[in-house]
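Subject: Structure for you to look at

Hello,

I am passing a structure on to you. Please open it and keep it beside this email as you read.

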Amino acid sequence: MTAAAGPAVAGAAEGGFVVSLERYSGPLDLLLHLIRREEIDIWDIPIARIADQFLKVIHVLGLDEAAEYLEMAARLLRIKTQMLLPRRGDLESWEDPRHELVRRLLEYQQVREIADWLDGAARHRAGRFGRGYVPLAPDVPPPPLEFTIEELLEAVERVLAMLPDLVTHRVIARPLDVEAATARVLELLGTREAFGWRDLLGPSPTIVDVLSSLVALLELARNGLLRLKQRRPFTPFVIARGPAYETA
Amino acid sequence: MDQRTRLLEAALFAAPRPLALDELSALEPEATDADWLAAVQELREQYDNEGHGVELVEIAGGYQVLTRQVFAEAIERAAFAARPVRLSTAALEVLAIIAYRQPVGRAEVEEIRGVSSAGVLRLLQERGLIEVTGRSEGLGRPLLYSTAPQFLEYLGLGDLSDLPRSDELSIALAPPQAGD
């Protein structure tokens, strides 16, 4: 039993904060750890202090690029600012911004308790072995192969003859020419207030033209130089001058 | 031991898995459930009282003969049998949530844990501890997971009611201990 305790309890040295990535199974785990280490009452968490600790630890651990830890950090900072806001009016209607966090921490704490119980049960079960009966695989020897080298080569020839010609692919990079497409759109906008997709692309556009024009249109629409309108679903859309066009 | 108890012992010895009560009737059609329960009781007492190296346990809705815990290390050291690989903390957390909230979707598991759990769910599925038992009516009809029969065997539980009840858990954090 003594040999089984191992990495799980390592690293809890007093004083130094021994850290390793494996120790935390998520931001809630880390938060609970900090709350215990700081001997904090979970019902009255000093959010400013805990948020600072949390940020420090995920920075040290290099976890500050993990989305889940960042999300928790942002949540803590938001609660911290909410706590700083002046509480207007009646105090009864004030809802503690920490409430939801406490609820999640307690829920997670409960999950951890069950997880520990399951671990104990699994270890107890693993220490008792059942009968290791494994049915023997049927041992049927393969039928003997008898052939000459000529027969083998003929067979290879037959298989090769059945193969279709090898298809070789050549991948050619065809970069989108968004700049040219943008210029074309602006040129059309200069002469007409509104025009259609076909006016822009002509009768037989290539796939590169279509994609370049699409990217150009979206980019210009984002800048407000043009507007894309569609009267009904699946009808052709109309490209028109946007609010920023006149000022540009 | 009477003849039926010896038959029971032989059957449990031969079977590679726990045998349920209703399966035992295939051994001897005339015997009733009560007869088998009596045989189980007698065999269990025999093992316990006469100092056997094995015990009769109730697992996953059946009966199985297992070696006693005290011999685990010697047996493993001699490489006659090996303990299964222990589950990670993350896997145990997901298993805990599924055991208590089944059937449950991935989103709820991740909401409780605060971390993405797709990889852990797949691992538990591969180990046969959980299985997909349906789809939620919610958006995208996400898969719902429940514990698989293997779950009880892995934990050595008779059935799901052997899990601790939620009112037996200390939900609130224990008061901080000095020197922790």
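Below is what was found in it, topic by topic.

Please keep in mind that this is a predicted model.

**Confidence**

Start with chain A. Its mean pLDDT is 80, and 83% of its residues reach 70 or more. Among its elements, α4(A) has the highest confidence, at 91. Helix α7 of chain A (residues 197-201) has the lowest, at a mean of 84. Take care at the start of the chain. Over residues 1-20 of chain A, pLDDT stays under 50. The model has seven contacts for that stretch beyond four places in sequence.

**Where the chains touch**

How many residues does each chain bring to the contact? Chain B brings 39 residues and chain A brings 34 residues. On the side of chain B that touches chain A, five elements give two or more residues: β2 (62-67), α4 (72-77), α5 (89-101), α6 (106-113) and α8 (149-155). Of these, α5(B) gives the most, with eight residues. This side of chain B divides into 26 nonpolar, seven polar and six charged residues.

**The cores**

Now look at the nonpolar residues. In soluble globular proteins, nonpolar side chains tend to be buried together. Here, the largest nonpolar core has 50 residues. Phe54(A), Val94(B), Leu95(B) and Ala96(B) have the most contacts inside it. Both chains feed this core. Chain A supplies at least two residues from each of α1 (27-37), α2 (47-61), α3 (67-84) and α4 (99-126). Chain B does so from each of α5, α6, α7 (118-126) and α8. Again α5(B) stands out: nine residues, the largest share of this core, come from α5(B).

Pick out Ala96(B) as an example. Leaving aside residues up to four places away in sequence, Ala96(B) touches Val111(A), Ile114(A), Ala115(A) and Leu118(A).

Another core, of 10 residues, lies apart from the largest one. Among its residues are Leu8(B), Leu12(B), Leu19(B) and Ala39(B).

**The sheet in chain B**

Three strands of chain B form an open, antiparallel sheet in the order β3-β5-β4. Why do β3 (104-105) and β4 (130-135) of chain B each have one side without a neighbour in the sheet? They stand at the edges with a single partner strand each, so one side is left free of a neighbour. The antiparallel pairing of β4(B) with β5(B) (residues 143-147) runs over five bridges. Within these strands, Glu131(B) stands opposite Ser146(B) in β5(B).

Finally, return to α5(B). This helix lies across β3, β4 and β5 of chain B, at about 90 degrees to β5(B).

Best wishes

Note on methods: Residues are numbered from 1 along each chain as its sequence is written. Chains are lettered from A and ligands numbered from 1 in the order in which they are written. Two residues are in contact if their C-beta atoms, placed from the backbone, lie within 7 Å. Helices (H or I, at least four residues) and strands (E, at least two) are DSSP runs, numbered from the N terminus. Ala, Val, Leu, Ile, Met, Phe, Trp, Tyr, Cys and Pro count as nonpolar, Asp, Glu, Lys and Arg as charged, and the others, Gly among them, as polar. A nonpolar core is a set of buried Ala, Val, Leu, Ile, Met, Phe, Trp, Tyr and Cys residues joined through C-beta atoms within 7 Å. A residue is buried if 20 or more other C-beta atoms lie within 10 Å of its own, exposed if 12 or fewer, and partly exposed in between; C-beta atoms are placed from the backbone. Two strands pair if DSSP finds at least two bridges between them. Axes are lines fitted to C-alpha atoms, for helices over the stretch in contact, and angles run from 0 to 180 degrees between N-to-C directions. pLDDT is the predictor's confidence in each residue, from 0 to 100.
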